[in-house]
Amino acid sequence: MAAGLLTITNCAMAQNDGELISLLPDGVTANINPERKQDKQKNLIVTGSPEKGYKAFFAATDASHGEELWVTDGTPEGTHIVADLVPGVGSSNPGYLGRLNDKALFAAYTDEFDVQAYVTDGTAEGTVMLTDFIFGANPVSFIQMNETQAVFAAYDDESWEYDPDRGPQRWLWVTDGTVEGTRRVAQADMRWPGQENQTLHTAYVRSGRRVFFKADNIDGTTGEELWVTDGTEAGTYCVMDINWERWPEGQPGYEEGYTRNSALDHMENYKNVGVFFHAWTPDFGGEPWYSDGTQALKPNGQNEDGDLHTFMIYDTWPGKDENGIGFGGGVFGTGFEVYKDRIWYRGYSPEGGYEFAGVTNKKGDYRYFDVWDQEPSRDNNSFSDPGCIFDGVYMFCAAHGFDPAREDHFGGEMWYTDGETIRMQMDFVPGTGCDWIKEQTVAGGSLYWWNEVDAQPVGAYTGALYRLDSKDATPVVVTHLDPTGDFCHSLRNLGGTICFTSDKTKQVYVYKYTKEGWDGVSDMGYLEPEYDAIDDEAIREVKADAQVNGIYNLNGIRVNADNLPQGIYVVNGKKIVVR
């Protein structure tokens, strides 16, 4: 590692074979919340397409405009304020940014309308208010649902006054980015982001062309449970009242016939056919669940582990405590990608404790790796954190001992799995020092992450942005903005370039670097979302021969079988994926 302290200005600087660029003009500071959740109030999002290019949106402040929405194309000259919605030094306080193809959706304040929903193409003239049905609609959590629409939660006159005892309710809305195409879909009490929420990515999850979310019915009878929407009234409903437990009579919250929450959390898309999540029931405690979104025909009280469509995947900690409540191994730190058919997360075993685990969408499936297997293994837990797919394997963070007197203790480091075996990437921070891996993001052929906590020597690169070019390479330190730690976060793939911010400097950066040999398309991440079901065993290459005569795209147009670009096609009546 280089030892000198680098000062970064709004110009490009060569560093570690790449170019670190500070994007904001002098006197401008970004306001981006350092939590890892992508739909936090002050988030950073990327919009765009290969044809139109990619842009990142975020809130920033300067002395002339207050806090307003800003945009960047990854260059200093392409970084500017979008619109001064509250003219002068007043602030529109933009937040809850969401993508709608090459446009951004967001909530913002004005004196005339209070907080409303807006859409923008990155220009002042292309910034339009979408809602004005109530003073202060206060929309939150915009998430794109299909090729043309996004959903969000907001107040209106009826939801604000519906239940004075329980307070105002945000109900579900859909928008296509026009005023005419913005409408209320359903009455569902969406107390965003939920009464309990540790989901690392988003509180709402798209799967295929539907969005799964947490909500109660407007009268509060089911508690907060799993809902789904396809953007229509008929297609929006509570999937199942998973926790059928009644409120005890005489306790706060008791009403006749009402049931408790299922502590729904950690929702992730499973191959565009359903959703993985954590749920709690009195018989099993908190365990991994799956749903394909089919509405239950009856409440869950007669079948405590679900039905054929929404069910507990595996009872990781069998048995009950002295009160007759299931132990529950729990779910934490779910990854957002499916690798080898599995969603990976921090799971539990009574023998090994909290370790790295994964499940499919099949009942009874559970793959468990005891990373820190020192006996008694149940008391020595690796407490793995989520990762992502890189270089053909799944990378994640885990601990393996903190006793410096033991040669087999390495602290917290990067590990990876091929689905069958695990290995430590390397002891990057020697001894029992910790390289706690956070926000793994692939861009330009390389893997990037930052350290949330460190145990490195004073003056070393610590809390910085790191880069890895292959699964067995030596990590490279990209930034050294502050000798006490850079606190880089909100890593995003900006069309093949990593974009991020630092909580120490309150600036936004890109690091211009492309790994040698990168093909330019293989790891564009979620920039180009797939909406059809994802089949890991799908055909990867298609050649023109008698077996595949007659290939059509999803618009029904016949295409030439030679040199097909990546995409989804219909061959002999069956969908295939060309990657």
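**Strand pairing in a predicted model**

Leu100 stands opposite Lys103 in strand 9. This is a predicted model, and the points below follow strand 9 and its partners before turning to a separate topic, the sheet that contains strands 20 to 23. Strand 9 spans residues 103-110, while strand 8 covers residues 95-100.

**Strand 8 and strand 9**
- Strand 8 and strand 9 pair in the antiparallel sense, and four bridges link them.
- The hairpin of these two strands has two residues between the strands, and in this hairpin Asn101 takes a positive phi near 60°.

**Strand 9 and strand 10**
- Strand 9 is also joined to strand 10, which covers residues 114-120, by seven bridges, and the two strands run antiparallel.
- Within this pairing, Ala108 stands opposite Gln116 in strand 10, and the hairpin that connects strand 9 to strand 10 passes through three residues.

**Burial of strand 9**
- Buried here means under 20% relative accessible area, and six of the eight residues of strand 9 are buried, so this strand is largely enclosed by the rest of the structure.

**The sheet of strands 20 to 23**
- Four strands, in the order 20-21-22-23, form an open sheet whose pairing is antiparallel.
- At the edges lie strand 20 (265-270) and strand 23 (310-312), each of which pairs on one side only.
- From one strand to the next, the twist averages 30°.
- Strand 20 pairs with strand 21, residues 274-281, in the antiparallel sense over four bridges, and Glu268 stands opposite Phe276 in strand 21.

Definitions and conventions
Residues numbered from 1 in each chain as written. Predicted model: local features only at pLDDT ≥ 70, side-chain atom pairs only at ≥ 80, totals over all residues. Heavy atoms only, no water. Pairing = 2+ DSSP bridges. Axes fitted to C-alpha atoms, helices over the stretch in contact; angles between N-to-C directions. Buried < 20%, exposed > 50% of the residue type's maximum accessible area, 1.4 Å probe, protein only.
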